[in-house]
Each structure stands twice: as C-alpha cells, then as structure tokens.
Amino acid sequence: MNNDAQLDSLVKQMARDHQPEMPSPGVIWWRAQIRKKLAEKERIERPMAIMRLAAALAVVVVFVGMFAANWRQVFSMSEGHAPLLTLLAIAGVAVLAVGLAALRPSSASRS
C-alpha cells in the first residue's frame, strides 16, 4: 500500500511541475505545409484511383460477360479436358488479382 501512495504522490508532483509549451511558430507553419501538400497530393491522385477502380470493374464485367455468353461451349469443350478447366480457373484468379491490385493505393501514395 505504501508503494501506491508513493506512486500517487509522484504522479501528482509531476503533474504540478509540468508546464505545457506551445510549439514554435516555425513548427506550426512546417506542419501546416506538410498537411497542405498531403491534401494536394490526395486531390491530384483521386482521379487516378477512380480510373483504376473503373478499369478493374470493366475487366471483371467483360470477363464475366464473356463467360456467361459462352458457358455452354466452355463446359461442353471441357468434358474430359481437365487442362481447359485449369486454364479457366487460372484466368479467373488472374482477373481477381488484377481487380484487387487496381483497388490498392499506388506505391507513390504510400510514401
């Protein structure tokens, strides 16, 4: 119990002795400039992110549309041909990977 009382008095003493300081005007200006540049960068990169998303969506829509239009032919050709189904599965995974990669922020926006 004695340690708790000492810790409590130490914390209170530190709180009394602490004098908060305002950052210098130079630091405030510097932080404001950094925020301004980051906001400009996001504003400039926003159209690219939208186009990346639109491109990924277009690829997925075209792939699904082509598959839906030809699904009977695909399955009739694949009877007894496991490599064709494997190729189709790889193509589907590739389309998903491209779509997910398009949704990720570019490496320039992460730095």
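Begin by colouring this predicted model by pLDDT (the predictor's confidence in each residue, from 0 to 100): among the elements of the protein chain, helix 2 (residues 25-69) has the highest mean, 89, and helix 5 (residues 107-110) the lowest, 49. Over the protein chain the mean pLDDT is 81, with 85% of residues reaching 70 or more. Since this is a predicted model, local features need pLDDT of at least 70 and side-chain atom pairs count only at pLDDT 80 or more, while totals for chains, interfaces and linings use all residues. Residues are numbered from 1 along each chain as its sequence is written, and side-chain values use heavy atoms, with hydrogens and water left out.

Switch next to a cartoon of the protein chain, which has 5 helices and 0 strands (helices are DSSP runs of H or I with at least four residues, strands are runs of E with at least two, and both are numbered from the N terminus).

Select helix 2 and look along its length: its 45 residues should span 66 Å at 1.5 Å a residue, and its end C-alpha atoms are 65 Å apart, which agrees (the expected span is 1.5 Å times one less than the number of residues). Now centre on Glu45, where helix 2 bends by about 35° and is followed within four residues by a proline, Pro47; the bend is the angle between axes fitted to the seven residues ending at a position and the seven starting there.

Move to helix 1 (residues 2-17), and show the side chains of Lys12 and Asp8, which form a salt bridge with their closest N and O atoms 3.3 Å apart (a side-chain nitrogen of Lys or Arg within 4 Å of a carboxyl oxygen of Asp or Glu). Both residues lie in helix 1, 4 residues apart, about one turn of the helix, and the structure holds 1 salt bridge. Lys12 is partly exposed, with a relative accessible area of 47%, and Asp8 is also partly exposed, at 38% (buried means under 20%, exposed over 50% and partly exposed in between, with a 1.4 Å probe and protein chains only).

Finish on Met14, also found in helix 1, which is exposed with a relative accessible area of 53%.
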